[in-house]
Amino acid sequence: MLERTIAFIGAGNMAEALIKGLLRAGTARPDSIIATGRREERLEGLRRTYGVRTLLDNVAAVREADVVVLAVKPQALDKVLLQVAPAADQKKLFISVAAGVPISVMERRLGQGMRVIRTMPNTPSLVGMGACALAPGEHASEEDMAVASRVFQSVGITTVVEENLLDAVTGLSGSGPAYIFLIIEALSDAGVKVGLPRYTAQKLAAQTVLGSAQLLIETNAHPGQLKDQVTSPGGTAIAGLHTLEAGGLRTTLINAVEAATRRSRELGEQFLEKS
Ligand SMILES: NC(=O)C1=CN([C@@H]2O[C@H](COP(=O)(O)OP(=O)(O)OC[C@H]3O[C@@H](n4cnc5c(N)ncnc54)[C@H](OP(=O)(O)O)[C@@H]3O)[C@@H](O)[C@H]2O)C=CC1
Ligand SMILES: O=C(O)[C@@H]1CCC=N1
């Protein structure tokens with residue numbers, strides 16, 4: 001149990017995933033969680049579903065909190081930081097999930113010596129299967145990193161990186177669910193093309209992605225070794241793989257991650273130019 005009051009500023013998808021995970025894992029009690037937002041009906045839904053406290057006032061929430069999770073969209077974060085800065089002090093830990101917003105910008109907005117951790121989670125956190133990377137700011141302690149890791153471990157796995165690698169994380173696992181959904185949709189279309197009903201095709205495609213990932217994680221084997229186990233001489237899988245290689249799947253995926261990483265970097269640079 002984290003004996004701390006945690007305020008979520010911006011109670012959208014990512015905040016709800018974390019609230020659900022913290023409660024399910026028993027890491028926090030409902031009365032130690034505060035969620036803020038702009039619409040009372042959204043907050044009422046959170047109160048009813050999770051029993052957490054809610055406020056329309058970000059500053060009041062920050063004042064009460066030991067840990068503040070900044071979970072608004074990146075475009076809204078600058079305004080929120082300036083708004084809550086008067087309530088910030090060095091006893092509070094600030095954790096941001098916002099894509100692209102550099103730690104230096106957050107530290108500058110919140111004030112001298114503030115404890116900030118920047119993270120990049122992903123949407124499978126909504127079902128407890130997230131992947132999150134965390135990077136400490138200059139004034140975040142090891143204990144702060146342990147607290148933040150516990151928050152994200154309640155909805156998946158975590159890893160610690162230097163801040164300059166967070167753009168790469170955004171390109172791979174932050175944006176990655178979008179790539180995987182596209183692949184599942186394409187595999188479902190393919191199933192329909194070869195005669196399967198849509199529902200059956202999608203169920204088989206999704207379970208194949210889930211099961212293959214689980215097999216890789218549980219065996220800790222090299223992906224190439226597991227690929228070889230599926231591939232008999234002169235068989236079906238090698239015929240499919242040949243077509244994927246001819247279509248440049250590897251290069252396309254590498255290009256996609258590189259493009260998303262570049263975009264994340266550009267968004268960060270825009271914040272630095274503005275500040
Ligand atoms: N979605 C993703 O795949 C990922 C998202 N992230 C990051 O997570 C953050 C949140 O994303 P997500 O949860 O998807 O977005 P959502 O739009 O679902 O959530 C943002 C919430 O913030 C609320 N909000 C906006 N402005 C304010 C304000 N001034 N004060 C209080 N609340 C406010 C919004 O309210 P309203 O509904 O009224 O607008 C909304 O409920 C982003 O910074 C994003 O970069 C990180 C990794 C992956
Ligand atoms: O596309 C985006 O900006 C967000 C960041 C990570 C995933 N989606």
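These are my notebook entries on one protein chain and the two ligands I looked up in it.

**Entry 1: the whole chain**

I started by reminding myself that this is a predicted model. I counted helices and strands next, and the protein chain has 12 helices and eight strands. Its C-alpha atoms fill a box of roughly 70 × 40 × 30 Å along the principal axes. I then checked burial: of the 275 residues in the chain, 36% are buried. I also looked at contacts with a separation of 6 or more, and 66% of them join residues 24 or more positions apart.

**Entry 2: the sheet**

In what order do the eight strands of the open sheet stand? I read it off as β3-β2-β1-β4-β5-β6-β7-β8, with mixed pairing. At the edges I found β3 (53–55) and β8 (156–160); each has a single partner strand, so one side of each has no neighbour in the sheet. Ignoring direction, neighbouring strands are turned by 25° against each other on average.

Then I zoomed in on one pair. Strand β5 (residues 93–96) runs parallel to strand β6 (residues 115–120), and the two share four bridges. I noted that Ile 95 has Ile 117 of β6 as its bridge partner. Helix α6 (residues 142–153) packs on this sheet and touches β4 (67–70), β5, β6, β7 (130–136) and β8. The direction of α6 makes about 165° with that of β7.

**Entry 3: a closer look at β6**

Is β6 largely enclosed or left open? Six of its six residues are buried, so β6 is largely enclosed by the rest of the structure. My textbook reminder here: in a regular strand the side chains alternate between the two faces of the sheet. I checked which way the residues point, and Arg 115, Ile 117 and Thr 119 go one way from β6. Val 116, Arg 118 and Met 120 go the other way, and both sets are buried. I also spotted Phe 94 standing opposite Val 116.

**Entry 4: helices α11 and α12**

I wanted to test the length of helix α12 (residues 249–274). At 1.5 Å a residue, its 26 residues should span 38 Å, and the end C-alpha atoms are 38 Å apart, which agrees. Buried in α12 I found Ala 260, Thr 261, Ser 264 and Gly 268. What do the buried residues of α12 pack against? They pack against α7 (166–174).

Helix α11 (residues 236–246) is hardly covered, as I counted zero buried residues among its 11. After α11 comes Gly 248, with a positive phi near 75°.

**Entry 5: two single residues**

Asn 220 caught my eye in the loop between α9 (198–219) and α10 (223–230). Its phi is positive, near 55°, though Asn 220 is not a glycine. I wrote down the general rule for context: most residues other than glycine have a negative phi. Is Asn 220 buried or exposed? It has 6 C-beta neighbours inside 10 Å, so I marked Asn 220 as exposed.

Ser 188 is in helix α8 (residues 176–193). I counted 20 C-beta neighbours inside 10 Å for Ser 188, and because 20 or more is the cut-off, it counts as buried. Which residues does Ser 188 contact, leaving aside those within four places in sequence? My list reads Arg 198, Ala 201, Gln 202 and Ala 205. I also took the C-alpha to C-alpha distance from Ser 188 to Met 114: they are 48 Å apart in space and 74 residues apart in sequence.

**Entry 6: the ligands**

Around ligand 1 I found 26 residues, and the ones that come nearest are Gly 10, Gly 12, Met 14, Ala 98 and Ala 99. Helices α1 (13–24) and α4 (74–84) each supply at least two residues of this shell. Which element gives the largest share of the shell around ligand 1? That is α4, with three residues. Sorted by class, this shell has 13 nonpolar, nine polar and four charged residues.

Ligand 2 came last. Ala 99, Thr 170, Gly 174 and Ser 175 surround it. By class, the shell around ligand 2 has one nonpolar residue, three polar ones and no charged ones. I see Ala 99 listed at ligand 2, and I had already noted Ala 99 among the residues nearest to ligand 1.

Technical notes: Residues are numbered from 1 along each chain as its sequence is written. Chains are lettered from A and ligands numbered from 1 in the order in which they are written. This is a predicted model: local features need pLDDT of at least 70, side-chain atom pairs count only at pLDDT 80 or more; totals for chains, interfaces and linings use all residues. Two strands pair if DSSP finds at least two bridges between them. Axes are lines fitted to C-alpha atoms, for helices over the stretch in contact, and angles run from 0 to 180 degrees between N-to-C directions. Two residues are in contact if their C-beta atoms, placed from the backbone, lie within 7 Å. The expected span of a helix is 1.5 Å times one less than its number of residues. A residue is buried if 20 or more other C-beta atoms lie within 10 Å of its own, exposed if 12 or fewer, and partly exposed in between; C-beta atoms are placed from the backbone. A residue is near a molecule or strand if its C-beta atom, placed from the backbone, lies within 6 Å of it. Ala, Val, Leu, Ile, Met, Phe, Trp, Tyr, Cys and Pro count as nonpolar, Asp, Glu, Lys and Arg as charged, and the others, Gly among them, as polar.
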